[in-house]
Amino acid sequence: SDGIKSPSPRAVPRRPPQPHGPQTERGQRVFSGHEPSSTHPHLAKRASRIIFTIQHSISNGTHSAYKSALHGKDNGWITFCDRWGLNPYPATVPNLLLWIDAILSPPAALKVVSAKSYLKGVRASHLDRMEPWPSKAQLRPIFNLFQGHLNLAPPPAPEPKFLISPLTVLLMFEASSSRPSSHPERVWRASQVFLSLRGRRGGEAWPRSHVAKRLIRWKHLKFKPDADPPGLVVTVLTKTSSSPKEIFYPALPGCPLCPVACFTALKDGSPFPVSDEDPLFCPDGKPLKRSFIMNRTRSALAAARIPIDGAMGSKTWRAGTASRSVHVGLSEAITKHMGIWSSSAYMAYVRTTDHQTLSAVHAMVPASRTQASSHATGQPLNGEPDPDPPKPATAIPPCDCSIHGCTNSQSDPEFSNHCITCTNSLCTYCGECLWHVPNDRCPEHGGDSIAGSPHPAHTAATLPESSLASDSES
């Protein structure tokens with residue numbers, strides 16, 4: 001079915017095995033030294049296809065750790081095995097334990113997260129070489145070793161990340177000149193809009209690896225003025241996706257953060273070529289660099305008098321978008337869509353300030369609960385505030401709670417016609433307590449009225465005709 005002919009019944013002359021197809025960028029560092037086992041010449045094509053498929057079962061980040069994980073001077077797996085006369089392929093769990101403990105201890109003293117990345121690199125090299133790898137159950141002692149190192153030497157708390165949300169970008173734009181006068185300023189503004197409105201990673205604007213594939217060029221930007229709603233689309237190769245994604249930026253007419261206006265000004269005012277293959281962000285004739293964005297952003301934050309209370313990194317804008325979307329009340333589905341998250345991992349970026357905590361407490365405990373109400377203890381009924389809390393009285397007579405106390409609930413049928421605070425009788429027609437809180441409908445509360453009977457203040461002139469008729473009949 002794949003174009004490979006089956007061998008004829010007669011003997012086929014043996015030939016040296018063919019190399020496993022063209023080497024790709026993925027896994028080429030390790031695969032270049034691999035000598036394949038003897039394979040029938042008619043199956044060489046299939047063998048190369050199998051190797052190629054297995055190579056693409058591993059993420060890009062794993063392959064980036066090959067060089068240090070395998071051939072590092074002090075912590076490489078192959079370097080360690082050569083030093084102590086161990087066989088690197090296939091790896092055994094006891095040998096892996098010795099190696100991991102060595103790289104976690106001085107002089108290498110790697111972090112546990114780095115050691116886990118190195119272990120993934122060794123696993124990837126086994127897949128490239130078609131060597132067996134221990135199962136997850138067999139690797140359990142290694143994960144226990146990782147946890148033990150974390151318990152014995154807990155890592156220091158990470159420095160909080162500084163967040164830049166679309167609101168922060170808007171404040172920076174307002175603090176600077178209304179119209180950018182230089183091309184680098186236009187590049188900075190367009191990059192801020194690109195990063196903040198959809199929570200993009202900084203590495204997508206200034207890639208440092210796989211630049212030929214991940215660099216955003218003018219061909220990746222498409223204006224859509226006739227769409228509904230109008231805007232533009234940027235095609236980006238994200239870090240976690242093997243295929244490009246189209247990210248929509250809606251137009252914001254009249255807003256300094258309007259992506260259409262920012263990128264139009266960037267294209268029209270660029271002194272450099274803007275053909276399809278030219279970089280989208282090009283402040284000085286060369287692709288954008290991280291240092292340019294960080295320096296310009298720090299200057300803009302200082303001009304806007306916004307303190308930098310954390311570490312600025314490539315995910316500063318992504319974290320700011322996630323935190324801002326949660327604080328403004330966007331749903332989880334919309335938040336995931338904005339940042340192209342496939343899980344709730346964005347919650348790790350959410351930060352809450354003391355002012356937001358104060359607002360949340362006020363939202364849960366309204367100010368009306370601190371005033372005089374029908375609940376003597378100030379506790380909400382059934383865990384929720386009253387939908388229509390009573391108005392506080394100017395003068396409240398002392399409560400006679402000697403019969404049942406103030407703990408009975410409105411749901412108790414025995415006290416359905418009694419005040420839920422003091423269990424005194426309620427007026428049949430106005431529904432108010434005969435002892436508490438006078439109001440306009442029943443201004444002469446007091447006395448020894450019996451539950452179920454009208455208050456003496458309700459005379460025949462004030463009672464409805466239906467009520468009088470029912471009373472006369474009874």
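Reader: How many residues does helix H14 have, and what distance does it reach from its first C-alpha to its last?
Author: In this predicted model, helix H14 runs over residues 290-303, which gives it 14 residues. At 1.5 Å a residue the expected reach is 20 Å, and the reach from the first C-alpha of H14 to the last is close to that expectation, at 20 Å.

Reader: Which residues of H14 are buried, and which helices are included in what covers them?
Author: The buried residues of H14 are Phe292, Ile293, Met294, Thr297, Ala300 and Leu301. What covers these buried residues includes three helices, namely H9 (166-175), H10 (183-197) and H15 (316-327).

Reader: Which residue that follows H14 has a positive phi?
Author: A positive phi deserves a remark because most residues other than glycine have a negative one. After H14 comes a residue with phi near 60°, and that residue is Arg305.

Reader: Where does Pro184 lie, and which residues does Pro184 touch beyond four places in sequence?
Author: Pro184 is part of helix H10, and its relative accessible area of 22% makes it partly exposed. In sequence Pro184 and Phe292 are 108 residues apart, yet their C-alpha atoms are 9.1 Å apart in space. With residues up to four places away in sequence not counted, Pro184 touches Pro283, Phe292 and Arg296.

Reader: Is Ser323 of helix H15 buried or exposed, and with which residues is Ser323 in contact beyond four places in sequence?
Author: Ser323 is found in helix H15, and because its relative accessibility is 3%, under the 20% limit, it counts as buried. Once its neighbours within four places in sequence are left aside, Ser323 is in contact with Leu163, Tyr349, Val350 and Arg351.

Reader: In which loop is Pro287, and what separates the C-alpha atoms of Pro287 and Ile216?
Author: Pro287 has its place in the loop between helix H13 (259-268) and H14, where it is partly exposed with a relative accessible area of 36%. Not counting residues up to four places away in sequence, Pro287 touches Leu215, Pro279 and Phe281. Along the chain Pro287 and Ile216 are 71 residues apart, while the separation of their C-alpha atoms is 9.3 Å.

Reader: What space lies in the largest cavity, and which residues line it?
Author: The count of cavities of 30 Å³ or more comes to one, and the space in the largest cavity is about 50 Å³. By class, its lining has eight nonpolar residues, two polar ones and no charged residues. The residues that line the largest cavity are His183, Trp218, Leu266, Ser270, Phe272, Pro273, Val274, Pro279, Leu280 and Cys282.

Reader: How many disulfides does a search of the whole structure find, and how far from Cys258 is the nearest cysteine sulfur?
Author: The search of the whole structure finds zero disulfides. Cys258 is in no disulfide, and the nearest cysteine sulfur belongs to Cys262. A disulfide needs the two sulfur atoms within 2.5 Å, whereas the sulfur of Cys262 is away by 6.8 Å.

Reader: Are Cys258 and Cys282 buried or exposed?
Author: Burial here means a relative accessible area under 20%. Cys258 has a relative accessible area of 7%, and Cys282 has one of 8%, so Cys258 is buried and Cys282 is likewise buried.

Reader: Which peptide bonds that lead into Pro90 and Pro229 are cis or trans, and what is omega for each?
Author: Pro90 lies in the loop between helix H5 (77-84) and helix H6 (93-104), and Pro229 has its place in the loop between strand E1 (221-224) and strand E2 (231-236). The bond that joins Tyr89 and Pro90 is cis, with omega about -10°. The bond from Asp228 to Pro229 is also cis, with omega near 5°.

Reader: What is phi for Met130 and for Ile340?
Author: Met130 lies in the loop between helix H7 (112-128) and helix H8 (140-152), and at 46% relative accessibility it counts as partly exposed. Ile340 lies in the loop between helix H16 (332-339) and helix H17 (354-364), and at 31% relative accessibility it counts as partly exposed. Neither is a glycine, but phi is positive in both: about 60° for Met130, and near 55° for Ile340.

Conventions: Residues numbered from 1 in each chain as written. Predicted model: local features only at pLDDT ≥ 70, side-chain atom pairs only at ≥ 80, totals over all residues. Heavy atoms only, no water. 1 Å grid on protein atoms, 1.4 Å probe; cavity = no way out; pocket = protein on both sides within 12 Å on 5 of 7 lines; lining within 4 Å. Points joined across faces, edges and corners; volume = space filled by probe spheres on them. Nonpolar A, V, L, I, M, F, W, Y, C, P; charged D, E, K, R; others polar. Buried < 20%, exposed > 50% of the residue type's maximum accessible area, 1.4 Å probe, protein only. Helix = DSSP H or I, 4+ residues; strand = E, 2+ residues; numbered from the N terminus. Expected span 1.5 Å × (residues − 1). Contact = heavy atoms within 4.5 Å.
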